[in-house]
Amino acid sequence: MADLSKYRNIGIFAHVDAGKTTTTERILKLTGKIHKTGEVHDGAATTDFMEQEAERGITIQSAATTCFWNDHRMNIIDTPGHVDFTVEVYRSLKVLDGGVGVFCGSGGVEPQSETNWRYANESEVARLIFVNKLDRLGANFYRVVDQVKNVLGANPLVMTLPIGEEDDFVGVVDVLSQKAYIWDDTGLPENYEVTDIPADLVEKAAEYREELIETALEADDDLLEAYMEGEEPSLEQIKECIRIGTRDLTFFPTFCGSAFKNKGIQLVLDAVVDYLPSPTEVDAQPLTDEAGEPTGEVATVSVDEPLRALAFKIMDDRFGALTFIRIYSGVLNRGDTILNSFTGKTERIGRMVEMHADDRTELDRAQAGDIIAVVGMKNVQTGHTLCDVKNPCTLEPMIFPTPVISIAVAPKDKGGSEKMGIAIGKMVAEDPSFQVETDEDSGETILKGMGELHLDIKVDILKRTYGVDLNVGKPQVAYRETITQPIEDSYTHKKQSGGSGQFGKIDYRIKPGEPGTGFVFKSTVVGGNVPKEFFPAVEKGFKGMMDEGVLAGFPVLDVEVELYDGGFHAVDSSAVAFEIAAKGAFRQSIPKAGPQLIEPIMKVDVFTPEDHVGDVIGDLNRRRGMIKDQEAGVTGVRIKGDVPLSEMFGYIGSLRTMTSGRGQFSMEFSHYMPCPQNVAEAVIAEVKAAKEAKK
């Protein structure tokens, strides 16, 4: 059996463009996993294997790979930095034991690094910090360390200091061993020498070492006491204290270097082995019941326990559907039958593979602590628990953000519908933050996502990967109509043309109903002027007309109809005659009852840094929003309010501009409200123009 203490499951995450993928490339090169380094700007990075990633120079989906360093096995996940793909970071953090947060030496702590840091805090993942790009113009390691303290509220434990800055950056000082690592100009990671610290850094290095030891020894009172009395702890004791503090999130060991120039990566790899926890050292995953409530039990990481694994990502590639799983306990062999506790169905494990970006190595068995992919699983979705058939259990599920933007799409050619349906089905399974629905009113397919870039890339994938060309419409608002005044009226339907005719007379009252009631019908006829058997026909007639209002043809909501009198003919009256009478009555009376256009109002929740609150509130007011509540937090302010959906298109772009990219928001449908006159007139005119154009 493999020794679990030599496993490290880590993720690399940061703001877009801080150098995560380049750092991953260097790690793979150093550990001998690849022999030629691919560059992001050339579109040749190993973990950026999608066409869209290579072109745009960004990471879109998290990629998994495995390598070895100092006799330790590392499962590494390179995650995207762009806010539209946060779901990839979120689900990766869920299954990792440790992480490396990469910050740009000149950009510092950027908005998306704040979001990812917040996610990592929620997931309680131990982290190292790597300040990258110190060869860049304007790079300043000490400024970034201050930002980590002030912006993230975290405690960085400085482990290395830079030698030189910008173009003169040549290496790093290892604070703990008080040695300098200096690389030559070849750009090869192995070409470095260990020397004494340059004279101008000796004093600074000594200061930082003292600070490092004092901070680290807080994890062990006895050692701290001895140190205060002048007794120097051994290197092993200090490392053990750093390990404990890192695991408990007391502080974050902070390193510096330049991934692109191959400087400083070895020390980060050593730190992953020395300080980040193995699968057995992190808090075990809690188990829940079917309703998602914790049961008090946990999935202990051990090969002797029953199998418990979490499917955290589904990917469709040229070999078929891949289900990425993290095994928390037990052993999984090829040919095993396992239970999906969410669906209650069993599946047989056909092929298991270890992933290296989009390459793979076949496996016969995997065990607790492993991150692997299984080929060809049928009914498994992200967040499902896979377990031993005899020991069913549910791991704590994943919670995904709700989509905030939608577009209508239709295939350009008729034959594309089925192809599009299959492709979208696969994409929804891969990405839980991407949703699809069919608009009942227009029959259009509506795609929903986390942002405009997110949907842009989904449309691009549909086109290139699945060969489906789409017409993309602008987002539509689902308006409705209602009435504002009660009215009492009468309608008679009669038709006589030889033989038996048709006759039905109804006297009725129509009034506005309570919001949310839809259509309500009641009958108060006494004395048999309208026989009981015709009541359902009258109701059916009115109800059938509610689908199309008189103003712009939108469905009608919240109307109450009362039938109180009428008349019938012994021979000529029939259910059909009364149904037609009700339809005529609707057409006659609704225009007199003060018809009105109503619009969907969204419950909006905006998160913004404190210095932009005024701008955000002013902007929401301009969008006809009603501010309901404000809550101040540690990193910013949450503003809650009700805003019409029609005013929210393109909001994410405006919000990011206003808040320098640091704002976020979510919204969900709340209720319908009357449209202001000018908005209603514009909508009605637009609908009429569209109808004219179709003629």
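Start by selecting Arg247, which is partly exposed with a relative accessible area of 37%. The model on screen is predicted. Add Asp248 to the selection: Arg247 forms a salt bridge with Asp248, and their closest N and O atoms are 3.8 Å apart. Asp248 is also partly exposed, because its relative accessible area is 48% and the partly exposed class runs up to 50%.

**Helices α8 and α9**

The structure holds 26 salt bridges. For another of them, select Lys239 and Asp274, whose side chains meet at 3.3 Å, N to O. This pair links distant parts of the chain: Lys239 is in helix α8 (residues 235-247) and Asp274 is in helix α9, 35 residues apart. Lys239 counts as partly exposed at 22% relative accessibility, and Asp274 is partly exposed at 27%.

Now select the whole of helix α9, residues 265-275. How many of its 11 residues are buried? Nine of them are, so the helix is mostly covered; buried here means under 20% relative accessible area. Among the buried residues of α9 are Ile265, Leu267, Val268 and Tyr275.

**The acidic patch**

Move to Glu203, Glu207, Glu210, Glu211, Glu214 and Glu218, which gather in a patch of negative charge on the surface. Pick out Glu214, which sits in helix α6 (residues 202-216). Glu214 counts as partly exposed, with 31% relative accessibility.

**Helices α12 and α13**

Select Glu579 and Lys540, which form a salt bridge with the closest N and O atoms 3.8 Å apart. Glu579 lies in helix α13 (residues 575-589) and Lys540 in helix α12, so the bridge ties together parts of the chain 39 residues apart in sequence. Is each partner buried or exposed? Glu579 is buried, with a relative accessible area of 18%, whereas Lys540 is exposed, with 53%. A further stop on the salt-bridge route is the set Arg334, Arg351, Glu362 and Asp364, which are joined into one network by salt bridges that share partners.

Return to the start of α12 and select Phe534, in the loop between β32 (519-523) and α12. Phe534 counts as buried at 10% relative accessibility. Draw a distance from its C-alpha atom to that of Ser573: the two atoms are separated by 9.1 Å, although the residues are 39 apart along the chain.

**Two residues with positive phi**

Most residues other than glycine have a negative phi. Select Asp558, which is not a glycine yet has a positive phi of about 55 degrees. Asp558 lies in the loop between α12 (535-545) and β33 (559-567), and it counts as buried at 11% relative accessibility. Next select Ser660, another non-glycine residue with a positive phi of about 55 degrees. Ser660 is in the loop between α15 (651-658) and β37 (664-674).

**Strand β36 and its partners**

Finish with strand β36, residues 637-644, where six of the eight residues are buried. Which strands pair with β36? Strand β34 (residues 595-608) pairs with β36 in the antiparallel sense over eight bridges. To see one point of contact, select Lys603, whose bridge partner in β36 is Asp642. Strand β35 (residues 626-632) also pairs with β36 in the antiparallel sense, over six bridges. Here, select Asp629, which stands opposite Lys640 in β36.

Technical notes
Residues numbered from 1 in each chain as written. Predicted model: local features only at pLDDT ≥ 70, side-chain atom pairs only at ≥ 80, totals over all residues. Heavy atoms only, no water. Patch = residues over 30% accessible without salt bridge, like charges linked within 9 Å, V, L, I, M, F, W, Y side chains within 5 Å. Areas by Shrake-Rupley, 256 points an atom, 1.4 Å probe, with all protein chains shown as cover. Salt bridge = Lys/Arg side-chain N within 4 Å of Asp/Glu carboxyl O. Lys, Arg positive; Asp, Glu negative; His and termini not counted. Charge placed at Lys NZ, Arg CZ, Asp CG, Glu CD. Helix = DSSP H or I, 4+ residues; strand = E, 2+ residues; numbered from the N terminus. Buried < 20%, exposed > 50% of the residue type's maximum accessible area, 1.4 Å probe, protein only. Pairing = 2+ DSSP bridges.
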